[in-house]
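Reader: I should like to examine how the descriptive terms applied to this model are justified. May we take them one at a time?

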Amino acid sequence: MEGFLFSYVAGKSILHGLDPRVKIFSVMCLSILIFRSSALVDLLVFTLLFVGLTIIAGSGLSGIRSVRPLFPIFVFIFLMHFFFTEGVALFDSQFSPTYEGLLKGSLVTVRFVLLILYGSLLTSTTRPAVITTGIERILRPLPLRRVGVTSFEIATMMSLALYFMPHLLWYAGQVKDSQLSRGSKYRRDPISGTLSLAIPVLKGSMRMADDVAMAMESRCYQGNFRTSLFELKMTTRDVLVFSFVLGVTALVLYV
Amino acid sequence: MIELKDVSYSYPNGHNVLDNIDIRIEKGSFITILGDNGSGKSTLIRHINGLLKPSQGVVSVCGMDPASSTDIWKIRQTVGMVFQDPHSQAVGATVEEDVAFGPENLALESDEIRLRVTNAIANVGLECLEDSLLMSLSGGQLQKTAIAGVLAMVPEILIFDEVTSMLDSVSRSQIIDIVRQLNKRGHTVVYVTHHMEEALFADRVIVLENGSITSDGTPRDVFREIYASGRKVPPHLELAFRLQDAGMISPDVFPMDALSLKEEICPSR
Ligand SMILES: Nc1ncnc2c1ncn2[C@@H]1O[C@H](COP(=O)(O)OP(=O)(O)O)[C@@H](O)[C@H]1O
Ligand SMILES: [Mg+2]
């Protein structure tokens, strides 16, 4: 699984050791700043910061490489802006990209790439279980019980999704193989092909959901209070990093 | 310590699956429930940890009632249940996270959880895979993870529902070894299977057919009875029974496998 989009890369760096709440908060602050920056020069700063943090994390290029599957989306976003922004035409034809489109497209695409990269820096330096525990602790003070869920249920749902997404893909592969081996033809007709795959996969995953729910209940799951194998503890370093990020963000936003 | 008195069960769709079941299981024993697919084995054992409530009759586990909502969490700590499909009882991304799920639900401190997780993982021999992603494990390893996940709750009673039926033969015998080991360490074991070979090790075999108990006794008596009724028993047992009927070996012999039967007939020096 190493090298998959948003997967965890074990390590012992400072970034790995930071409290997940501080990391989640920092990524949120960075996202806000990245969205507010309107010049490519600003984004260069965030790019350099990302390079610096990646070196600190010691996860090498795997974080960047894992973003590769999203490349077509990046290109798409860029081209949309490149061609469909009003402005000075670059070529003398009816459907010409514009100069403004080039600027805006680069800006939007770089922003988007940076968001994804920072997200993958978070997930590559934090165990999924620690992220969900962190999110649970962030959500806990919110009055979620009024809308009928608990922060623990949300966290459990997220960890279940983390396990079942890849599993569902694997299962779909199995169903597809078994259908192919019984001679069904896929490529001819994409619509009925997709349906004939989706229905058994859906049916299988419903049955599986029943089984999982039973296994969870058997292990005393109640969705109320629960603890975590990974206890979170704010250290002085966490508080310092948190204050620093908060300070810088406030400074940039309000000064 | 586990007692089912006159238990019947019908699913909400009206399907009547269990008929007047009476079972008493003593502490520390190793019981096998043997029955064909659809005979009601899963339905029966789900009454023991309160996943199902009897339509009629009473279940009692260590003096508690699984059908009552006040005892339910205590019962589920006392009775650990491992299921058939290795893929659909995993709830964590890695082995240790999955094993920690139960203790986390019990709201234990993280040091205590860590201790229990390490112990449980050691008990099933997965020490070197603690940090592995479940996606990367084989069916047998997943099933061992599931057993560890149940052990981490420190239950007295362990129920295994056809846990080997989706595994290859090597993992199968490893899992059976683990189960026997756990019984030796003092856990009461209820082992559900449709494989006769897997019923040989038990102290007692209960045969379930169409929701009723048709035999109940030591493996030797139960398999004799099955054999006498003209149905298939494992080949080495059939041979042993035939040899016994012909007076060629002692009627007390009950070989676990072909090798021990061979030792009985011509002992190697
Ligand atoms: N949720 C359900 N609703 C209705 N009928 C069920 C349900 N689960 C099982 N059954 C039926 O109950 C019978 C016994 O099932 P089960 O206890 O799973 O048998 P076993 O575990 O011995 O294979 C089967 O005929 C099955 O079709
Ligand atoms: Mg069953």
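Author: In this predicted model, B:Asp71 is placed in the loop between strand S4 (56–61) and helix H2 (72–78) of chain B.

Reader: What makes B:Asp71 count as buried, partly exposed or exposed?

Author: The relative accessible area of B:Asp71 is 22%. Buried requires a value under 20% and exposed a value over 50%, so B:Asp71 is partly exposed. Its C-alpha atom is separated by 9.9 Å from that of B:Val61, with the two positions 10 residues apart along the chain.

Reader: Which class does B:Val58 fall into, and why?

Author: B:Val58, in strand S4 of chain B, has a relative accessible area of 48%. This is not over 50%, and therefore B:Val58 is called partly exposed. B:Val58 and B:Glu3 are 55 residues apart in sequence, while their C-alpha atoms are 8.1 Å apart in space.

Reader: Why is A:Arg65 given the class it has?

Author: A:Arg65 belongs to helix H4 (residues 62–65) of chain A. Its relative accessibility is 46%, between the limits of 20% and 50%, so A:Arg65 counts as partly exposed. From A:Arg65 to A:Leu117 the C-alpha distance is 9.9 Å, and the separation in sequence is 52 residues.

Reader: How do you know whether A:Thr132 is buried or exposed?

Author: A:Thr132, in helix H7 (residues 128–139) of chain A, has a relative accessibility of 6%; this is under 20%, and therefore A:Thr132 counts as buried. The side chain of A:Thr132 also reaches the backbone oxygen of A:Ala129 at 2.9 Å, a distance within the 3.5 Å allowed for a polar contact.

Reader: Let us turn to the aromatic rings. What makes the pair of A:Phe50 and A:Tyr118 edge-to-face?

Author: The count of aromatic pairs over all chains is 12. For A:Phe50 and A:Tyr118, the centres are 5.6 Å apart and the planes stand at 85°. The distance is within 6.5 Å and the angle is over 60 degrees, so the pair is edge-to-face. This pair links distant parts of the chain, with A:Phe50 in helix H3 (residues 40–57) and A:Tyr118 in helix H6 (residues 99–125) of chain A, 68 residues apart. A:Phe50 is buried because its relative accessible area of 4% is under 20%, and A:Tyr118, at 3%, is buried by that rule too.

Reader: Why is the pair of A:Tyr221 and B:Phe101 called stacked?

Author: The ring centres of A:Tyr221 and B:Phe101 are 5.8 Å apart, and their planes meet at 25°. Since an angle under 30 degrees counts as stacked, the pair is therefore stacked. A:Tyr221 lies in the loop between helix H9 (190–218) and helix H10 (236–254) of chain A, and B:Phe101 lies in helix H3 (residues 95–105) of chain B, so the pair joins two chains. Both A:Tyr221 and B:Phe101 are buried. Elsewhere, ring pairs link A:Phe78, A:Phe82 and A:Phe83 into a cluster.

Reader: Where does B:Arg76 lie with respect to B:Trp73?

Author: B:Arg76 lies over the face of B:Trp73, at 5.6 Å from the ring centre; the limit on that distance is 6 Å.

Reader: Which backbone contacts are made to an oxygen atom of ligand 1?

Author: B:Gly38 has a backbone N or O atom 2.7 Å from an oxygen atom of ligand 1. For B:Gly40 the corresponding distance is 3.1 Å, and for a polar backbone atom of B:Lys41 it is 2.9 Å. Each of these values satisfies the polar-contact limit of 3.5 Å. Taken alone, ligand 1 exposes 560 Å², of which the protein buries 64%.

Reader: What makes up the shell around ligand 1?

Author: The shell divides into 2 nonpolar, 8 polar and 2 charged residues. Among its members are B:Tyr11, B:His15, B:Asp36 and B:Ser42. Helix H1 (residues 41–45) of chain B gives the most to this shell, with 3 residues.

Reader: Why does the phi of B:Glu162 deserve comment?

Author: Most residues other than glycine have a negative phi. The phi of B:Glu162, by contrast, is near 50°, a positive value. B:Glu162 lies in the loop between strand S6 (157–161) and helix H6 (169–184) of chain B, and is buried because its relative accessible area of 8% is under 20%. B:Asn20, in strand S2 (residues 16–25) of chain B, likewise has a positive phi, near 40°. At 45% relative accessibility, B:Asn20 is between the two limits and so counts as partly exposed.

How values were computed
Residues are numbered from 1 along each chain as its sequence is written. Chains are lettered from A and ligands numbered from 1 in the order in which they are written. This is a predicted model: local features need pLDDT of at least 70, side-chain atom pairs count only at pLDDT 80 or more; totals for chains, interfaces and linings use all residues. Side-chain values use heavy atoms; hydrogens and water are left out. Rings of Phe, Tyr and Trp (its six-membered ring) pair if their centres lie within 6.5 Å; planes under 30 degrees apart count as stacked, over 60 as edge-to-face and the rest as tilted. Helices (H or I, at least four residues) and strands (E, at least two) are DSSP runs, numbered from the N terminus. Buried means under 20% relative accessible area, exposed over 50%, partly exposed in between (1.4 Å probe, protein chains only). A charge sits over a ring if NZ of Lys or CZ of Arg is within 6 Å of the ring centre and within 35 degrees of the ring normal. A residue is near a molecule or strand if one of its heavy atoms lies within 4 Å of it. A polar contact is a pair of N or O atoms within 3.5 Å; within protein, one must be able to donate a hydrogen and the other to accept it, and residues adjacent in sequence count only if both atoms are side-chain atoms. Accessible areas come from the Shrake-Rupley method with a 1.4 Å probe; for residues, only the protein chains shown count as cover. Ala, Val, Leu, Ile, Met, Phe, Trp, Tyr, Cys and Pro count as nonpolar, Asp, Glu, Lys and Arg as charged, and the others, Gly among them, as polar.
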